Amino acid sequence: MSSEPRQDHLRIGSHDVHFVEAGQGSRGLILLPGALGTAWTDFKPQIEKLPTLLPQHKLIAWDPPGYGKSRPPEKRFSLDFFEQDAAAAHELMQKLGFDRYSIAGWSDGGITGMIQAANHPDRVEKLIIWGSNSYISDAETKIYEDIRDVSKWSARMREPMEKVYGVEYFPKLWSAWVDGLLRIHKECEGDICSRKLSKIKAPTLIVHGAKDPMIIPEHVPYLLNNIKNSDIHVFPEGKHNIHLRFADEFNNLVATFLKI
């Protein structure tokens with residue numbers, strides 16, 4: 001039996017970065033959450049169940065700088081905030097003693113993971129991404145605007161974030177995230193990390209929920225065509241949070257891919 005997950009902080013740049021460590025293995029796997037996400041809000045079923053399936057690995061799930069318990073200071077959504085998160089995640093793994101490691105990134109975390117794998121091609125062993133995009137299309141700016149007002153969200157979607165950030169602060173932080181993405185669309189011609197995909201060496205598994213409302217379908221073939229050593233697995237009934245909705249199937253998929 002694996003021991004209970006351990007929680008700690010490490011100083012990375014100007015933040016005391018909070019992370020959860022689970023499992024006993026010598027190989028590293030970092031779990032990168034989505035927008036405003038934290039280790040526990042985004043990866044509870046992975047933290048609790050993946051170590052049993054991956055005895056050779058130690059899981060590190062983090063709260064990115066400015067999110068969750070990795071505050072203060074608060075998050076600033078500059079044009080290069082994904083680059084900053086990728087640098088911080090890599091530094092965290094190095095400080096934890098993982099010279100090489102694998103990445104599982106969801107949504108924004110998948111973007112961070114792609115940048116990390118491109119910037120450190122010889123350090124990232126394998127990459128798993130889902131619900132992620134390397135550019136923002138015009139159609140997606142409308143999706144972001146449509147989800148800006150969190151009062152229109154279902155209580156089930158809103159409450160975990162309100163618990164982390166407070167009812168007052170959460171809408172402000174979310175709106176700042178929307179503004180950050182719209183700024184990337186406007187000032188970077190929508191390019192988040194497309195120009196970097198050719199630098200990724202790690203074998204990559206793209207997991208896709210066929211009913212994901214956050215990602216327009218063209219991103220999946222684009223990533224497959226531009227990340228050299230990539231493969232795809234589709235959840236026909238999956239939406240954006242396939243790793244939570246279909247946790248056991250997702251965990252088995254990840255474990256199989258990392259063991260190959």
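Strand 6 (residues 124-130) is mostly covered in this predicted model. Of its 7 residues, 7 are buried. The strand has partners in strand 5 and strand 7. Strand 5 (residues 101-106) runs parallel to strand 6, and 5 bridges join the two. Within this pairing, Ala104 stands opposite Ile128 of strand 6. The connection from strand 5 to strand 6 passes through helix 3 (residues 108-119). This β-α-β crossover is right-handed. Strand 7 (residues 204-209) also pairs with strand 6 in the parallel sense, over 4 bridges. Here Ile129 faces Ile206, a residue of strand 7.

The largest nonpolar core holds 56 residues. Ile30, Leu36, Met114, Trp174 and Trp177 touch the most other members. Helix 6 (residues 169-187) gives the most to this core, contributing 8 residues. Another core, of 26 residues, lies apart from it. Val207, Phe235, Phe257 and Leu258 are among its members. Within the largest core, Ile30 was examined further. Residues up to four places away in sequence aside, Ile30 touches Ile60, Ala89, Leu92, Met93, Tyr101, Ser102, Ile103, Ala104 and Gln116. Ala104, one of these contacts, is also the residue opposite Ile128 in strand 6.

Charged pairs were considered next. The count comes to 20 salt bridges. One of them joins the side chains of Lys49 and Asp248, at 3.5 Å from N to O. Lys49 lies in helix 1 (residues 39-53) and Asp248 in helix 9 (residues 247-259), so this pair ties together parts that are 199 residues apart in sequence. Both ends are partly exposed: the relative accessible area is 43% for Lys49 and 48% for Asp248.

Asp85 and Lys75 form another salt bridge, at 2.7 Å from N to O. Asp85 belongs to helix 2 (residues 81-95), while Lys75 sits in the loop between strand 4 (57-62) and helix 2, so the pair ties together parts 10 residues apart in sequence. Asp85 and Lys75 are both buried.

A salt bridge also links Arg148 with Asp179, with the closest N and O atoms 2.9 Å apart. Arg148 is in the loop between helix 4 (138-146) and helix 5 (155-165), and Asp179 is in helix 6. The two residues are 31 apart, and the pair links distant parts of the chain. Asp179 counts as partly exposed, at 32% relative accessibility. Elsewhere, Arg6, Asp8, Glu21 and Lys58 are joined into one network by salt bridges that share partners.

How values were computed
Residues numbered from 1 in each chain as written. Predicted model: local features only at pLDDT ≥ 70, side-chain atom pairs only at ≥ 80, totals over all residues. Heavy atoms only, no water. Core = buried A, V, L, I, M, F, W, Y, C linked by side-chain atoms within 4.5 Å. Buried < 20%, exposed > 50% of the residue type's maximum accessible area, 1.4 Å probe, protein only. Contact = heavy atoms within 4.5 Å. Pairing = 2+ DSSP bridges. Right-handed = clockwise from strand over helix to strand, strands pointing away. Salt bridge = Lys/Arg side-chain N within 4 Å of Asp/Glu carboxyl O.
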